[in-house]
Amino acid sequence: MSRRLGKQTVALAGGPGVLGWASVAGRKEHDGPYGDKFDRVIADEMDGQDSFEAAERHMLESAVRLCLLKTGKKTEDVQLFLSGDLLNQIISAGFAARALGIPFYGLYGACSTMSESLSLGGMLADGGFADLIVCATCSHFCTAERQYRAPLELGNQRTPTQQWTVTGAGAVLLGAGAAAARAKAALTHATCGRVLDLGVTDANNMGAAMAPAAADTLAAHFHDTDRSFEDYDLVVTGDLGRHGRDLLIELLKEKGVFVREEKLFDCGCEIFSARQDTHAGGSGCGCSASMLCAHLLPEVCAGHLQRILFMATGALLSPTSSMQGESIPGVAHAVAIEHRQGEENA
Amino acid sequence: MQDAKNRKEAQRYAELVARLAPKSEMGQGMARAFLVGGLICVLGQMLTDFFSMRMRFGAQSAATATSICLIFLSALLTGLGLYDRIGKFAGAGSIVPITGFANSVVAPAMEFRREGLVMGVGAKMFSLAGPVLVYGIGSSIIVGLIAFALEVIG
Amino acid sequence: MIAMLWMYVKAFAVGGLICMIGEALLLKTQLTSARILVGYVTAGVILGALGLYKPLIDFAGAGATVPLTGFGYMLAHGAIEGLENEGLLGAFTGGVRAGAGGIAAAVFFGYLAALIFKPKMKG
């Protein structure tokens with residue numbers, strides 16, 4: 001039996017279960033509208049470490065440990081750790097894997113990493129290659145600023161389309177087989193995105209760079225699964241921001257997709273409130289990851305949301321490609337997550 | 001053929017992006033830059049007056065002493081984490097004055113302290129302001145050479 | 001006293017105006033602040049060499065010397081002065097000599113700040 005649906009989607013027939021999750025966030029995220037929902041809030045941007053980079057990987061590591069603690073599992077029980085981040089050579093993920101000791105596949109999908117890791121984790125679990133898999137990612141405002149933009153103390157202005165890199169991390173424990181039966185949420189489909197580039201070169205306008213990929217993946221998912229906005233309680237995008245979300249709606253309309261705007265939930269638009277002066281909203285791997293683990297998964301498991309499509313978006317640029325004047329390729333991966341009754345005694 | 005199609009699509013998208021993009025408040029930004037930039041220059045004038053009248057410095061020395069004082073002040077405010085807040089308000093008003101040049105030297109020096117004193121502070125200090133010296137000094141030498149050539153010809 | 005106050009008004013107006021042009025460039029183009037600074041210093045060198053910047057300094061004082069165009073003027077003026085006093089060698093050394101105070105101060109205070117202070121999260 002082929003598990004492929006159409007060109008880009010796979011059906012996860014066994015329904016790998018979401019067994020647990022944990023989120024970590026910074027102070028500014030704590031001050032946002034979803035601030036009370038994060039499992040752990042770091043005291044300051046250093047999180048007790050001696051560099052911003054060390055603080056970032058410490059957040060990732062603690063999100064994974066918290067996730068396992070909440071589900072009563074040990075690191076030795078977990079067979080795979082799928083993770084990536086924004087820093088050069090994904091040092092946050094690699095260094096966290098060193099500390100955790102779980103067999104590790106490093107991923108790079110920029111800010112799409114959360115749905116990329118869930119897609120791959122879902123397929124590995126459904127294929128019977130692992131029973132317990134942790135998918136996780138993180139980002140940190142200060143490390144992203146110094147790698148991609150400017151030193152923190154430089155007195156420059158942010159542009160209106162610019163987004164604020166979220167300081168945060170999220171970790172999800174996926175399970176297959178007997179363990180999955182107890183889960184209150186399951187992955188049912190994964191749609192792998194194409195890398196699209198419509199020539200945006202402004203590194204301060206990531207939303208515009210990623211919106212075409214988001215529209216493409218969403219249209220492909222609807223086409224492959226024969227679904228529409230009507231089949232989902234929420235269609236979640238990662239970090240398009242306000243400008244990128246507007247562009248996504250326009251692009252979907254051009255593709256002939258009927259858009260239910262009230263169901264389009266962008267983590268970047270939601271994580272901060274307007275008074276927090278983040279301009280177009282939040283961004284970064286940690287944006288969608290922390291919102292997924294703090295707000296969306298609990299809602300799905302509680303049954304408040306029956307079915308969501310989680311689609312994190314990534315801008316595949318580097319400081320080198322930017323300086324050489326290259327345009328910014330974008331990518332988006334989608335996973336469908338459904339509420340399950342969950343057998344208490346399974 | 002494919003290229004032409006892509007170019008056309010990119011152009012169409014660029015127009016959509018421009019149409020939906022949030023606009024900067026031009027008037028407010030320029031007023032703030034004018035105000036803060038002007039005030040920094042007034043401070044500079046006060047220092048210049050002090051050095052030329054009280055200390056009896058010549059015009060050039062007074063200007064240099066003023067620069068040094070402003071650069072010190074900018075380094076202090078940058079270190080205390082205040083200059084980036086001024087910059088957020090003033091934009092070019094605190095970038096264009098010599099204090100902005102100093103800020104662009106101090107900020108990376110502080111930022112890359114963790115990477116060590118030599119390849120961190122030492123090397124990164126001029127990662128932003130280096131080009132100013134390259135083009136400023138480079139073009140001044142060209143000016144000197146052209147003046148020399150004119151002297152020879154004339 | 002009135003002459004002094006008038007000087008402050010002129011410094012404020014001219015300095016403010018020069019900064020305002022920079023802000024317009026920042027908002028209207030994708031130029032980064034580093035590129036704006038390079039543009040200003042080079043413009044100062046060229047205007048200085050053409051003899052167009054000196055009248056502005058005579059008029060507005062620090063309003064013209066404090067913006068980075070003034071630093072550019074100082075470099076160009078130094079190179080020309082060096083040429084007059086020392087010949088070709090002066091054309092090379094004059095610019096840096098004139099700008100030495102500012103450059104040395106930036107290096108020194110920048111290094112000190114890096115030793116003393118730590119960068120903080122933006123508010």
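The exercises below concern chain B as a whole and two residues of chain A in a predicted model.

**Exercise 1.** Describe the secondary structure of chain B and decide whether the chain is a compact globule or more spread out.

Solution.
- Step 1: count the elements. Chain B contains seven helices and zero strands, and the order from the N terminus is α-α-α-α-α-α-α.
- Step 2: compare the radius of gyration with the globule rule. The rule gives 15 Å for 154 residues, whereas chain B has 22 Å, well over that value, so chain B is more spread out than a compact globule.
- Step 3: add the dimensions. The C-alpha trace of chain B spans about 70 × 50 × 40 Å along its principal axes.

**Exercise 2.** Characterise the burial, contacts, surface and charges of chain B.

Solution.
- Step 1: burial. In chain B, 47% of the 154 residues count as buried.
- Step 2: contacts. Among contacts in chain B with a separation of 6 or more, 50% join residues 24 or more positions apart.
- Step 3: surface. Chain B has an accessible surface of about 7800 Å², and carbon and sulfur atoms make up 68% of this area.
- Step 4: charges. There are 14 positive and 9 negative side chains in chain B, with 5 Å between the centres of the two sets.

**Exercise 3.** Place A:Gln79 in chain A, classify its exposure and identify its partners.

Solution.
- Step 1: location. A:Gln79 sits in the loop that runs between helix H2 (52-71) and strand S5 (80-84) of chain A.
- Step 2: exposure. The relative accessible area of A:Gln79 is 35%. Partly exposed covers values between the buried limit of 20% and the exposed limit of 50%, so A:Gln79 is partly exposed.
- Step 3: contacts. Beyond four places in sequence, A:Gln79 contacts A:Ile102, A:Pro103, A:Ala130, A:Asp131 and A:Leu132.
- Step 4: polar atoms. A polar atom of the A:Gln79 side chain lies 2.5 Å from the backbone nitrogen of A:Asp131.

**Exercise 4.** Is A:Leu174 buried or exposed, and which residues does A:Leu174 touch?

Solution.
- Step 1: location. A:Leu174 belongs to strand S9 (residues 168-175) of chain A.
- Step 2: exposure. Buried means under 20% relative accessible area; A:Leu174 has 0% and therefore counts as buried.
- Step 3: contacts. Not counting residues up to four places away in sequence, A:Leu174 touches residues including A:Gly17, A:Val18, A:Leu118, A:Ile133, A:Cys135 and A:Leu187.
- Step 4: link to Exercise 3. A:Asp131 and A:Leu132 are among the residues touched by A:Leu174, and A:Gln79 is also in contact with A:Asp131 and A:Leu132.

Conventions: Residues numbered from 1 in each chain as written. Chains lettered and ligands numbered in written order. Predicted model: local features only at pLDDT ≥ 70, side-chain atom pairs only at ≥ 80, totals over all residues. Heavy atoms only, no water. Helix = DSSP H or I, 4+ residues; strand = E, 2+ residues; numbered from the N terminus. Rg over C-alpha atoms; globule rule 2.2 N^0.38 Å. Buried < 20%, exposed > 50% of the residue type's maximum accessible area, 1.4 Å probe, protein only. Contact = heavy atoms within 4.5 Å. Areas by Shrake-Rupley, 256 points an atom, 1.4 Å probe, with all protein chains shown as cover. Lys, Arg positive; Asp, Glu negative; His and termini not counted. Charge placed at Lys NZ, Arg CZ, Asp CG, Glu CD. Polar contact = N/O pair within 3.5 Å; in protein donor to acceptor, adjacent residues only side chain to side chain.
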